[in-house]
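Thanks for making time this morning. I would like to walk you through one structure, so please have the sequence and the coordinates open while I talk.

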Amino acid sequence: MPAPVFDLTGFCAELTIVPELPEVETVRRGLNRLTLHQPIQAGSVLLDRAVAHPESADAFLKALQGLQIKTWKRRGKYLLAALSRAETPSQPQGWLGVHLRMTGQLLWVQQTTPVQGHTRVRLWFQDDRELRFVDQRTFGRLWWVPPARPVETVITGLRRLGPEPFSAAFSPTYLRSALEKRQRAIKTALLDQAIVAGLGNIYADETLFLSGIHPTRLCCDLQPHQVEILHQNIQNVLRSAINQGGTSFSNFLQVSGVNGNYGGIAWVYDRKGQPCRVCQTPIERLRLVGRSAHFCPYCQS
Ligand SMILES: [Zn+2]
């Protein structure tokens, strides 16, 4: 069986790891390198519910036919392709939205590549190329947003997103006001996409370790200087993971090395029972609102 030309999301193929902001950002950069300025000729939807809008898969494919992608943007964990026509490139033709959710993968393959199980949507480009959406758990979604409609009226999840972690809106002052007075665990707050967009389980655990903050600590109990440290570490951890992805990405074949485990150097994530890299105390894991949290009981309080 011929290998994919390019597996954009190989990091989550063999792991039960949900793509977070750095992984989605890495995928976005890959898509921008491979898929731009080539008309979509046709396609096939193998699982109707993978397409969230329009209601029919036929309408989805019909809308995309003849359009090309000008650029891929990212908002939180949403991928958004700005569409246009080759003849009128400056005239927007709406958006193609993708959310990978738990197990979604985008493959850039030859159309002749055998269709693997869990293939949900196929978009055919020129030169026998294909953007293939594969999704084992089937939570991933694609949208076509017509040009006349604001994106968030179709992809409604966008409305609930808080600021991007690298935007000016995500300031220490903003984070302080978002957390103070809240009687909830800080780990749960960091996973709340309305507070900051794109942070998930891995990088929240890593951020809290680097900040010396226990995951069950209540937001309202954090001191202002701790929130400043937290803010800094959110950005540092994400930037470092994006750079890791970027590094792997420059080596074409190693994109599957972007496996969401933070380049294999996680401080606490998925390290239960292993010695803390700072103090040697075994890393612990607890359940918090249905999610696991990994922490060092000595370094974090
Ligand atoms: Zn420790």
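Let me begin with a term: by a nonpolar core I mean a set of buried Ala, Val, Leu, Ile, Met, Phe, Trp, Tyr and Cys residues joined through side-chain atoms within 4.5 Å. Please keep in mind throughout that what you see is a predicted model. With that said, the largest nonpolar core here has 33 residues, and those with the most contacts inside it are F60, W72, L96, L106, V121 and L123. Helix α2, which covers residues 57-64, gives the most to this core, with 5 residues. If you centre your view on F60 and leave aside residues up to four places away in sequence, you will find that F60 touches V45, V51, H53, P54, L96, V121, L123, L142, W143 and W144. There is also a second, separate core of 28 residues, and I186, I202, L208 and I234 are among its members. As general background, nonpolar side chains in soluble globular proteins tend to be buried together.

Two of the residues that F60 touches, H53 and P54, deserve a second look, since the peptide bond from H53 to P54 is cis, with omega near -5°. P54 itself sits in the loop between β3, residues 51-53, and α2.

For the chain overall, there are 7 helices and 12 strands, and buried residues make up 53% of the 301 residues. Of the contacts between residues at least 6 apart in sequence, 63% join residues at least 24 apart.

One strand residue gives a local example of such packing. A82 is found in strand β5, residues 78-85, and A82 counts as buried because its relative accessible area is 13%, where the cut-off is under 20%. A82 and G94 are 12 residues apart in sequence, yet 6.4 Å apart in space, taken C-alpha to C-alpha. Beyond residues up to four places away in sequence, A82 touches Q68, I69, K70, T71, G94 and W95.

Now to helix α6, where I would ask you to look at how much of the helix is covered. Of the 11 residues in α6, 10 are buried, namely N201, I202, Y203, A204, D205, E206, T207, L208, F209 and S211. The helix spans residues 201-211, and N201 lies within it. N201 is classed as buried because its relative accessibility is 7%. The side chain of N201 makes a polar contact of 2.6 Å with the side chain of K187, and, again leaving out residues up to four places away in sequence, N201 touches E20, K187, L191, Y269, R291 and S292. After α6 comes G212, whose phi is positive, near 70°.

Next, the metal site. Which residues coordinate the zinc ion? The ligands are C276, C279, C296 and C299, each through its SG atom, at 2.2 to 2.4 Å. In sequence these donor residues follow the spacing C-x2-C-x16-C-x2-C. The arrangement is described as tetrahedral because the 4 donor atoms subtend angles of 101 to 113° around the zinc ion. For reference, the ideal angle for four tetrahedral donors is 109.5 degrees. The ligands vary in their exposure: C296 is buried, at 0% relative accessibility, whereas C299, at 25%, counts as partly exposed.

Because we are on cysteines, how many disulfides does the model contain? With a cut-off of 2.5 Å between cysteine sulfur atoms, the count comes to 0 disulfides. Take C219 as a case in point: the closest cysteine sulfur to its own is that of C220, at 7.1 Å, which is too far for a bond. C219 is also buried, at 2% relative accessibility.

I will finish with two backbone details. Most residues other than glycine have a negative phi. Q280, however, has a positive phi, near 75°, and lies in the loop between α7, residues 224-250, and β11, residues 284-288. At 54% relative accessibility, Q280 counts as exposed. V289 likewise has a positive phi, near 45°, and lies in the loop between β11 and β12, the latter being residues 291-295. With a relative accessible area of 68%, V289 is exposed as well.

Technical notes: Residues numbered from 1 in each chain as written. Predicted model: local features only at pLDDT ≥ 70, side-chain atom pairs only at ≥ 80, totals over all residues. Heavy atoms only, no water. Donors = N, O, S within 2.8 Å, 3.2 Å for Na, K, Ca; no water. Tetrahedral: all angles 85-135°; square planar, octahedral: opposite > 155°, others 65-115°. Buried < 20%, exposed > 50% of the residue type's maximum accessible area, 1.4 Å probe, protein only. Helix = DSSP H or I, 4+ residues; strand = E, 2+ residues; numbered from the N terminus. Contact = heavy atoms within 4.5 Å. Polar contact = N/O pair within 3.5 Å; in protein donor to acceptor, adjacent residues only side chain to side chain.
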